[in-house]
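Visitor: Could you walk me through this one? I'd like to start with the empty space inside and then move on to the contacts.

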There are 2 protein chains.
Amino acid sequence: MTLRRFEIQDIDQTVLLWLEELRTKTIAAMQDELTVGTKSDVRDLVTNVDRANEKLINQKIRAYDSEAHIVSEEGFGDQQRDMKGHVWFVDPIDGTMNFVKEREEFAIMIALYIDNQPVLGWILDVVNNTVYHGGPEIGVFANQLRLTPPMDESLAQGIVLLSGARLLYGMFGYDHIAKAALGYRVIGAAGPSFIRVIRGQAVGYSSKMMPWDFAAGQVLAKTLGLSVSDIDGQPLDMLSSNIVLVATNRAHRDILALHKS
Amino acid sequence: MTLRRFEIQDIDQTVLLWLEELRTKTIAAMQDELTVGTKSDVRDLVTNVDRANEKLINQKIRAYDSEAHIVSEEGFGDQQRDMKGHVWFVDPIDGTMNFVKEREEFAIMIALYIDNQPVLGWILDVVNNTVYHGGPEIGVFANQLRLTPPMDESLAQGIVLLSGARLLYGMFGYDHIAKAALGYRVIGAAGPSFIRVIRGQAVGYSSKMMPWDFAAGQVLAKTLGLSVSDIDGQPLDMLSSNIVLVATNRAHRDILALHKS
């Protein structure tokens with residue numbers, strides 16, 4: 001079922017209101033001591049805020065959209081086996097290590113796909129109070145400001161963003177990508193990295209990610225004409241982890257060529 | 001000659017006014033197309049703004065302090081052979097690649113040393129409109145807000161910031177430092193990296209730097225009780241390049257131990 005433009009705008013405005021509330025609660029929670037735990041290893045952090053945010057978002061989604069299936073990070077979503085119908089992706093705090101240690105460079109991310117088609121994505125840069133949002137039907141905005149597609153620069157002309165851990169352990173040919181770029185940076189979180197590519201501050205970004213890490217970024221990047229695929233050039237599997245590559249079209253070709261060689 | 005406290009406060013206020021003017025001019029110049037050239041290699045960028053800022057700062061220093069010797073990046077300073085008297089350090093745009101490509105994560109940095117003693121340092125985060133400034137006599141401030149010393153966390157408890165190029169080419173044992181830390185980030189500029197250590201967002205930072213890259217950061221970090229040395233634990237040579245290490249006392253010990261092993 002295809003949504004009409006005004007329905008999509010209505011969903012966008014609704015989620016923007018949720019994000020305003022989430023931002024207020026997240027900033028308030030940062031004034032108190034955080035409860036920090038670990039998941040798969042000592043570097044995989046989770047806090048009381050991740051959990052509280054996810055509960056709140058999922059509750060709002062279920063109240064708003066009776067057909068919602070939810071794929072989310074902290075375990076309050078559904079066990080989703082296909083992309084039929086309304087599938088929402090939720091990352092309640094993206095970049096939890098940055099959230100805990102840097103107190104910046106983290107995000108709250110939500111995305112909506114219908115029958116496997118990207119409809120809307122939201123990346124809230126909490127500290128800078130900027131939501132990057134939109135989709136193919138309405139375009140991409142930074143708060144109220146419409147974004148134009150970034151320049152199509154090559155890898156050698158720009159900065160590439162890479163997963164620090166994978167670069168450090170020599171995985172996925174990231175060292176070759178870093179050497180071929182004008183420069184590389186390690187940000188430590190998906191949302192802030194997607195934002196830089198969407199704004200044209202970086203020509204590309206690659207990391208191994210789960211669906212809630214890339215679902216919103218993919219909607220926004222594709223809407224702006226950027227290339228999104230896995231590191232072999234294949235479409236992303238929306239229900240498992242992928243080695244994601246988002247880049248300008250030229251940098252995307254440069255990186256795929258490096259990866260194959 | 002030792003300056004009195006009120007004289008130091010007067011110098012601080014004077015330079016803060018210069019930085020206000022420099023910020024306005026830099027933001028204005030960013031609206032026009034930048035003239036970008038290269039220096040030692042294709043990744044060593046310089047722009048019209050670097051040169052204009054340095055000329056303006058050096059002019060102001062010479063008009064204000066008749067005893068000034070100036071050590072600055074773009075060639076408008078003096079050929080300085082010792083640290084006697086009033087030595088000013090000037091980095092007119094620190095992080096020129098970030099300035100050109102990211103349009104954030106760059107700084108304007110100034111420092112004053114007298115008879116080899118750190119007196120005052122200023123790091124202006126241009127985009128966020130925050131000046132980190134002060135010295136041993138007056139303390140350290142973010143604009144008007146007095147900063148307290150960051151927690152003394154170990155390397156394993158925190159994020160370490162490293163020079164991307166040196167890490168990529170396996171230099172200075174940076175891979176061991178990155179692996180021992182909770183996480184690492186690559187920011188691509190000295191000023192923004194020093195700011196993160198001073199604010200307690202990172203437990204340490206290391207890169208090969210010229211004096212104008214570390215002079216201001218050293219004043220502020222030492223004033224806050226952080227450790228600043230070269231990677232062998234020796235005091236920095238203020239008139240040549242150094243592999244600089246700034247860190248909490250615990251992370252400093254952790255990194256020196258790794259470096260020696």
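Visitor: How many cavities of 30 Å³ or more are there?
Guide: Keep in mind that this is a predicted model. A cavity here has to hold a 1.4 Å probe that cannot get out. With that rule and the 30 Å³ threshold, the count is 1 cavity.

Visitor: What volume lies in the largest cavity, and which class dominates the split of its lining, nonpolar or charged?
Guide: The space in the largest cavity comes to about 80 Å³. Both chains line the largest cavity, with E102(A), E105(A) and R196(A) among the residues from chain A, and E102(B), E105(B) and R196(B) among those from chain B. The lining divides into 4 nonpolar, no polar and 8 charged residues. So with Glu and Arg classed as charged, the answers are about 80 Å³ and charged.

Visitor: Which residue of chain A forms a salt bridge with E105(B)?
Guide: Side chains of opposite charge can pair when their charged atoms come close. The cut-off for a salt bridge is 4 Å between nitrogen and oxygen. For E105(B), the closest N and O atoms of the pair are 3.8 Å apart, and the partner is R196(A).

Visitor: How much area is buried between chain B and chain A?
Guide: The size of an interface is often given as the accessible area lost when the parts come together. Here 32 residues of chain B are in contact with 32 residues of chain A, and 10 salt bridges are counted between the two chains. Carbon and sulfur atoms give 49% of the buried area, which is about 2700 Å².

Visitor: Why are E21(B) and K25(B) about one helical turn apart?
Guide: Their side chains meet in a salt bridge, at 2.9 Å from N to O. The two are about one helical turn apart because they sit 4 residues apart in helix α1 (residues 5-31) of chain B.

Methods:
Residues numbered from 1 in each chain as written. Chains lettered and ligands numbered in written order. Predicted model: local features only at pLDDT ≥ 70, side-chain atom pairs only at ≥ 80, totals over all residues. Heavy atoms only, no water. 1 Å grid on protein atoms, 1.4 Å probe; cavity = no way out; pocket = protein on both sides within 12 Å on 5 of 7 lines; lining within 4 Å. Points joined across faces, edges and corners; volume = space filled by probe spheres on them. Contact = heavy atoms within 4.5 Å. Buried area = accessible area lost by both parts, 1.4 Å probe.
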